[in-house]
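The exercises below ask you to read packing and pairing geometry from atomic coordinates. Work through each task before turning to its solution.

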Amino acid sequence: MSMKRPTPCKVNVASETGRLRAVLLRRPGIEVERMTPLNAAQALFSDILDKPTVDIEYGLFSGILEKWTNVYYVKDILEVLLDDNDIRKRLVTGSLRHDRRTSQQRQVSNGLNEYLMSLDSAALAKVLIEGYEKDQWDGFSDDRYLLKPLYNLLFTRDASSTIYDRVLINSMSFEVRERETLLYDAIFRHFFKVKILNAAAWNPLARTEGGDIHIGSRDLLCIGEGIRTNAKGIDYLAQTFAREREHFSILVQELPMDPDSFIHLDMVFTFLSKHDCMVFEPMLKKQGLFANKATTLIKIDNGRISYHEVHDMVEGLNRLGWDMRPIICGGTDSWVQLREQWHSGANFFALGDGKVMGYRRNTYTIDALDHAGYDVLNAEDIISGKEDMTAHDKFVAAFPGSELPRAGGGARCMTMPILRD
């Protein structure tokens, strides 16, 4: 667990599998307990979570990363930033404004603004993330907070995305996640001091989210288009790189609009190495909910943008010279594939080339990795020092997940890479 005051590092991510040097996390706080069956769906959770179990599972997840790389925590950085009165004022007023105080609540809001500004940086960072309760609550309504908790902040992947040496502040599709972007804009603009991209500033209807954005290489992005990232958001990225690069490609996979397990591309496709990827087989075969879902290769050549249909993600990558081997989420049984994909069976995060981490509960998927040459390491052994990750050419670091997957994401969802080799 982090203790010392964080200092910024360089920001640059040019692949999904380069050796990870720095990552941004949010250790779940009491915000994940501040929901009931009344508001869980509004908070985008499929169920309410048992926090003691979440703490154990997340401790093993973050423990793997702390053994491997430089880990930043959102709250630690916020505490540093909130020592600056101008940043503090922008975050407090912006947060209260976002939560749309009505005219009847204006007096309460003004009082809350003054109170929040009086807090020390650690206490204020906590409130900005975990929310602020009303003095009185009727015990039944789902509106208990004057400042709403950021229930989804553990999924640091989504509200911002490192794209090469810049950070895209994403334009979230659901109001409950919009306020996360205020924090990330401050973190990357003022702490890491990097140039910011923003699709919504280009077009208010443009939507992008980090789970849909994969950095294939210096000249390739892979993007999911569905309920979270839309065509206008993809157009923004295409036009941005058409102005800047002579040659660039964007490989787009259309996603089903429901159920919730298909919200992002990284729920059905993740890079494991330069030549391996984890995939949900119906997406490759265009079966079931993926029947008639297009895969499109957008080519940029000297400012000209062209669109080409390809059969699937792996074919599109191979057309670009990748020589990709798909490893199938859930193994060979289509029933098991559906079960394991539901609990983030395809959602792996690469620590380096062929060095990945994911949920141990997806046993058929872990077996598929084992058969593909990945050594299976247990999180407990890694953290205790019994296993040395650097001693393995290819590995999957498997950590337990009974409660965390019920929040709707896996290892990639919970990580925001800042720096890779």
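**Exercise 1: a helix pair**

Determine how helix H3 and helix H5 are oriented towards each other and which residues form their contact.

Solution. Helix H3 (residues 85-98) and helix H5 (residues 121-130) pack at an angle of about 30°, their axes being 11 Å apart; axes are lines fitted to C-alpha atoms, for helices over the stretch in contact, and angles run from 0 to 180 degrees between N-to-C directions. H3 and H5 are therefore roughly parallel to each other, a label given to angles under 35 degrees. The contact (heavy atoms within 4.5 Å) is made by Arg88, Leu91, Val92 and Ser95 of H3 together with Ser121, Leu124 and Leu128 of H5.

The model is predicted, so local features need pLDDT of at least 70 and side-chain atom pairs count only at pLDDT 80 or more, whereas totals for chains, interfaces and linings use all residues. Residues are numbered from 1 along each chain as its sequence is written, and side-chain values use heavy atoms, with hydrogens and water left out.

**Exercise 2: a hairpin**

Describe the pairing of strand S5 with strand S6 and the burial of S5.

Solution. S5 and S6 (residues 166-169) pair in the antiparallel sense over 4 bridges, where pairing requires at least two DSSP bridges. Ser160 stands opposite Ile169 in S6. Both faces of S5 (residues 160-163) are covered, since Ser160 and Thr162 on one side and Ser161 and Ile163 on the other are all buried, that is, under 20% relative accessible area with a 1.4 Å probe and protein chains only. The hairpin has 2 residues between the strands, and Tyr164 takes a positive phi near 60° there.

Methods. Parallel < 35°, antiparallel > 145°, perpendicular 65-115°, else oblique. Buried < 20%, exposed > 50% of the residue type's maximum accessible area, 1.4 Å probe, protein only.
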